[in-house]
Amino acid sequence: MTLPISQNSPVYSAPPTEEMLSKLIYVKWCVLVTYLCAIGLFVADADEPFGPLYDLFVACFGTFLLKEDPALAPCFRCLQETGLGVMSDGGLSCLLPYLLMASLNCAFGLLRVYTFATKYGSLLPCSQRPVCYLPVLVFFSSLSQLVASCLCWKVYKLLQLQAVDYLQVEAVPSAPAGPPVHHRRHSHTGVRGSRRSSRQGHAPGELLPFQGTTSQLSREAPANTV
């Protein structure tokens, strides 16, 4: 079951757990490989710069995601000073945008690699010119983004579990603090008397005059028998 997480959820502002960091370390290497492949694609395919630009944008989103990593922190600070800094403050809030962009770019890249393989019969048709390395660079760029997408999806599943814990904590109502309530016991006779008095329209404990009839118990003397 996939639980959607709002961008304002506190799980994005919370520091990543150890299990998340163990996967984000490999994402860092995938981002660095994407940077290298993007630079190589600019050199190998100078006539078509839009392909390398897509890889460069994906790598930039990965840099925003890993803003606290020592290897990518200087690059993040440089990007923060440019126009890209207005998009996000970085951190785990960039996880889903990076996952989406890397997945789409990976799909188009692998399709392009398949086209090269069917057209030339190999990913390295020649080695005399820089353009000969174009299929290899596209393949490694797509592969790095594929691995990064799988790792980011696992991190997102961990964030979902953390969001469920936050929801369970917020759902528990807190008991209001106040003085203890002491319950007084009342005798059954007093309750009956008060109920009987309340039915007759008198307050409990009030003295009432006798309103019944008197009766006298007499004993007749037995008659004398002769």
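Buried here means under 20% relative accessible area, exposed means over 50%, and partly exposed is what falls in between. That yardstick is applied below to a predicted model, beginning with its cysteines.

By the distance rule used, the count comes to one disulfide. The bond joins C126 to C132, with S to S at 1.6 Å. Its handedness is left, given the -90° about the S-S bond. The two ends of the bridge sit in unlike surroundings: C126 has a relative accessible area of 23% and so lands in the partly exposed class, while C132, at 1%, is buried.

What about C75? Its sulfur has its closest cysteine sulfur in C78, and at 6.4 Å that is too far for a bond, because a disulfide needs the pair of sulfur atoms within 2.5 Å. C75 itself is partly exposed, with 28% relative accessible area. C94, by contrast, is tucked away: its relative accessible area is 3%, so it counts as buried.

Stepping back to the whole fold, the chain is built from seven helices and zero strands, so an α-α-α-α-α-α-α run is what one reads from the N terminus on. Of its 226 residues, 32% count as buried. The chain exposes about 16000 Å², and carbon and sulfur atoms supply 63% of that area. Contacts also reach across the sequence: taking those between residues at least 6 apart, 70% join residues at least 24 apart.

On the surface there is a nonpolar patch made up of V33, L110, F140, L143, L146 and V147, which together offer about 450 Å² of accessible area. Helix 6, spanning residues 134-171, gives the most to this patch, with four residues. V147 is found in that helix, and its 36% relative accessibility makes it partly exposed. That value also clears the bar for patch membership, because patches are made of residues with over 30% relative accessible area.

Helix 6 holds a buried residue as well. S144 is placed in this helix, yet with a relative accessible area of 6% it counts as buried. Which residues does S144 touch, leaving aside its neighbours within four places in sequence? The partners are C30, V33 and T34. One of them, V33, is also a member of the nonpolar patch. Helix 6 thus comes with both faces of the story, because V147 is partly exposed and S144 is buried.

Technical notes: Residues are numbered from 1 along each chain as its sequence is written. This is a predicted model: local features need pLDDT of at least 70, side-chain atom pairs count only at pLDDT 80 or more; totals for chains, interfaces and linings use all residues. Side-chain values use heavy atoms; hydrogens and water are left out. Patches are made of residues with over 30% relative accessible area and no salt bridge: like charges are joined within 9 Å, nonpolar side chains (Val, Leu, Ile, Met, Phe, Trp, Tyr) within 5 Å. Accessible areas come from the Shrake-Rupley method with a 1.4 Å probe; for residues, only the protein chains shown count as cover. A salt bridge is a side-chain nitrogen of Lys or Arg within 4 Å of a carboxyl oxygen of Asp or Glu. Helices (H or I, at least four residues) and strands (E, at least two) are DSSP runs, numbered from the N terminus. Buried means under 20% relative accessible area, exposed over 50%, partly exposed in between (1.4 Å probe, protein chains only). Contact means heavy atoms within 4.5 Å.
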